[in-house]
Amino acid sequence: MKTYDVVIVGLGYVGLTLATSMAEVGLRVFGFERRKDVVDLTNQGKPHFSEIGLEEALTRVVRSGHLVASTTMDPDIRSENYVITVGTPLNENGKARLDMIENAAGQVAEHLDDGALVILRSTVKCGTARNIVAPILAKTGKKFHIAMCPERTLEGNAIQELRELPQIVGADTEEERARAGALFRRLTHTIVDVSSLESAEIIKLVDNTYRDVQFGFANEVARLCDAVGVNGYEVITSGKLGYKRTNVALPGLVGGPCLGKDPHILYESARERGVALEITKAGRTVNERQPFETMDFVVSELDKRGFPADAPIAMLGMAFKGLPITDDLRGAMSLKVLEALREARPQAEIRLFDPVVSLEKMREEFPGYRVCATQEEAYENAAAALITNNHPRLAKHAPAEIVTRMLPHGFIFDYWNHFSSRSPEELGEGYFAVGNRMGATA
Ligand SMILES: NC(=O)c1ccc[n+]([C@@H]2O[C@H](COP(=O)([O-])OP(=O)(O)OC[C@H]3O[C@@H](n4cnc5c(N)ncnc54)[C@H](O)[C@@H]3O)[C@@H](O)[C@H]2O)c1
C-alpha cells in the first residue's frame with residue numbers, strides 16, 4: 001500500500017503548480033496525468049510550461065520524493081484527499097466539455113476509500129460538482145466528502161499566488177469545508193468558506209467574467225475613439241487621473257485559456273436556468289470581434305499605402321499575454337489576428353516572433369509560417385508590424401526607430417498601446433494602436 005497525503009488528477013498548468021506547491025510544504029503528493037511526456041518531464045523535475053519559480057521548486061520536490069507523477073494509478077495507491085484539475089475547454093458548440101471531468105471522477109471513484117475528500121478545482125459550469133462528479137462517486141456506494149475549491153491564480157504568477165490568494169472553499173457541510181480548508185491552509189493563510197458547491201463554482205466564473213466585461217468596455221471605448229478620430233489612450237488615462245470613481249482598463253486583445261471560455265460557461269450556467277446574461281454576452285462579443293474589426297483597418301492602411309498583396313507582415317508576441325510572462329498560446333487572440341490576416345492577405349509572408357515561446361514550440365504550433373528568433377528579424381523590411389501581446393520587450397525600440405527598419409511607409413499596429421504614452425516625435429508617422437488611428441491615410 002502506498003499512501004499519499006493528496007492525489008492530484010491532471011498535471012497541467014493548474015495541477016502541476018498546485019502539486020509542486022503542496023509538495024513544497026511537506027505533503028506527499030501523487031500526480032496522476034494521462035500524458036506520458038508530461039509525466040516523464042515532471043519526474044525529471046522539469047515543468048512542461050513556463051512559470052516563474054516553478055522549475056526550481058519542482059526540482060526540489062521531485063528530488064526530496066514529495067512529488068511523484070505517473071500515467072497510471074495503481075490499485076495500491078491510497079489517499080484521503082483527491083483534487084481534480086483537468087481541463088474544461090469549450091467544445092465545437094461553445095459549451096464546456098465535461099468528458100474530462102467525468103473521466104477524472106471515474107478514476108477517483110475506482111480508488112475511493114470510505115470517508116475520502118474529493119475536491120474539484122477545475123473551472124466548471126454551475127452544478128457540475130453536484131450533478132456530475134458527486135453521482136459518479138456515489139455509484140461506488142462509499143461515503144465521501146466533496147468540495148469545490150476553484151483555482152484563481154494568474155498564469156505566470158501562480159506559485160506566488162498559491163501562497164497569497166484567499167482560497168475559496170465551497171461545500172454543503174461544515175465538516176467538508178473544514179477538511180478542504182485544512183488542506184489549503186497548508187498553502188495560504190486565508191480561507192474563504194462559502195456555503196455551497198454552486199457558490200464556489202459561480203465565484204470563479206464571476207471573477208473572470210467581470211474582468212472580461214471590463215476589458216470589453218475598454219475595447220468599446222476604443223471603438224468609439226477610433227470612430228471619432230481621437231486618441232483612446234488619452235481619453236482613458238486622462239479620465240481616471242485623480243478621479244477615483246472610475247478605473248477604465250486600457251483596450252487590448254482579450255483571450256487566453258480562461259477569459260476566452262469562462263464567460264461562455266457562466267452564460268451557459270444561467271441559460272440552462274432560463275436567464276440570459278446580456279452584459280456577459282456583450283463583453284465576449286466585443287472582445288471576440290476585435291481581431292477581425294481591427295484587421296479591416298490594417299488591410300485598408302496597407303492598401304492605401306500602396307503595398308502589394310505579398311508584402312511581408314510581422315506579428316510580435318503570440319502568447320495570450322506578455323505579462324506576467326507566459327508561453328501559453330491557448331485561446332490567444334493573436335491566433336485570431338493571424339487567422340484574419342491570413343484570410344485578408346493570403347499571399348503575404350507572415351513572420352512570427354514571441355519573446356517567451358521557444359522557437360521549437362513556435363515552429364510546431366505555426367507550421368508554414370516564418371518563425372523569427374528576434375523581433376528585429378521579423379519587422380526588417382516588413383510593410384506592417386502588429387504587436388499582439390504586452391510583453392515589455394516588445395516596447396524596447398521606439399516606433400519611429402522601428403519603422404526605419406521596415407519598408408518605406410511601413411507602419412505599426414499596436415494592440416496593446418505599448419507606446420501610447422510617448423511623444424509624437426517618438427511615435428513618428430507610422431504608429432497606430434487600438435483606440436488610436438489618428439494619422440490614418442485618408
Ligand atoms: N491555466 C490557468 O492558469 C487556470 C487558472 C484558473 C483555473 N483554471 C482552470 O483549471 C482547469 C485546468 O486548467 P489547465 O490550464 O491546468 O488545463 P491543462 O489542459 O493544462 O491541464 C489539464 C491536464 O489534465 C490532464 N488530464 C485530463 N484528463 C485526465 C484524466 N482523466 N486523468 C489524468 N489526467 C488528465 C491533461 O492531460 C492535462 O495535462 C480548467 O478548468 C481551467 O479553466 C486554469
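**Exercise 1. Sort the shell around the ligand by residue class, then find which elements supply it.**

Start with the classes: the shell around the ligand holds 11 nonpolar, 11 polar and five charged residues. Here Ala, Val, Leu, Ile, Met, Phe, Trp, Tyr, Cys and Pro count as nonpolar, Asp, Glu, Lys and Arg as charged, and the others, Gly among them, as polar.

A word on what you're looking at: this is a predicted model, where local features need pLDDT of at least 70 and side-chain atom pairs count only at pLDDT 80 or more, while totals for chains, interfaces and linings use all residues. Residues are numbered from 1 along each chain as its sequence is written.

Next, the members. The ligand is surrounded by 27 residues, and the closest are G10, G12, V14, G87 and S122. A residue gets in if its C-beta atom, placed from the backbone, lies within 6 Å of the molecule. Two or more residues each come from helix 1 (13–24), helix 4 (99–111) and helix 10 (256–259). Helix 4 gives the most, with four residues. Helices (H or I, at least four residues) and strands (E, at least two) are DSSP runs, numbered from the N terminus.

**Exercise 2. Describe the largest nonpolar core and say where its residues come from.**

First, the terms. A residue is buried if 20 or more other C-beta atoms lie within 10 Å of its own, exposed if 12 or fewer, and partly exposed in between, with C-beta atoms placed from the backbone. A nonpolar core is a set of buried Ala, Val, Leu, Ile, Met, Phe, Trp, Tyr and Cys residues joined through C-beta atoms within 7 Å.

Now apply them. The largest core has 65 residues, and those with the most contacts inside it are I8, V9, I84, V118 and I119. Its largest share, seven residues, comes from helix 1. Both domain 1 (2–195) and domain 2 (243–433) put at least three residues into this core; the domain bounds come from an automatic or database domain assignment.

There's also a second, separate core of 57 residues, which includes I313, L341, Y379 and F432.

**Exercise 3. Place I119 in its strand and list what I119 touches.**

Strand 7 (residues 116–120) is mostly covered, with five of its five residues buried. A116, V118 and L120 point one way, and L117 and I119 the other. That fits the general pattern: in a regular strand the side chains alternate between the two faces of the sheet.

Then the neighbours. Leaving out residues up to four places away in sequence, I119 touches Y82, V83, I84, A147, C149 and A180; contact means C-beta atoms, placed from the backbone, within 7 Å. Strand 6 (residues 81–84) pairs with strand 7 in the parallel sense over four bridges, and Y82 stands opposite V118. Pairing requires DSSP to find at least two bridges between two strands.

**Exercise 4. Work out how the two domains meet.**

The C-alpha centres of domain 1 and domain 2 lie 34 Å apart. The contact takes 15 residues from domain 1 and 13 residues from domain 2. On the domain 1 side, the residues divide into seven nonpolar, five polar and three charged.

**Exercise 5. Which strands stand at the edges of the six-strand sheet, and what covers strand 14?**

Write down the order: this open sheet runs 13-12-11-14-15-16, with parallel pairing. Strand 13 (370–371) and strand 16 (431–433) are at the edges, each with a single partner strand, so one side of each has no neighbour in the sheet.

Move to strand 14 (384–387). Four bridges join strand 11 to strand 14, with L316 partnered by I387. Another four link strand 14 to strand 15 in the parallel sense, and there A385 has I412 as bridge partner. As for the faces, A384 and L386 on one side and A385 and I387 on the other are all buried.

**Exercise 6. Find the backbone oddities, then decide: is N381 buried or exposed, and what about N417?**

Most residues other than glycine have a negative phi, and most peptide bonds are trans.

Take the peptide bond first: L323 and P324 are joined by a cis bond with omega about -15 degrees. P324 is in the loop between strand 11 (313–316) and helix 13 (333–344).

Now the positive phi values. N381 has phi near 55 degrees and sits in the loop between helix 15 (375–379) and strand 14. N381 counts as exposed because 12 other C-beta atoms lie within 10 Å. N417 has phi near 50 degrees, in the loop between strand 15 (411–414) and helix 17 (424–427). N417 is buried, with 23 other C-beta atoms within 10 Å.
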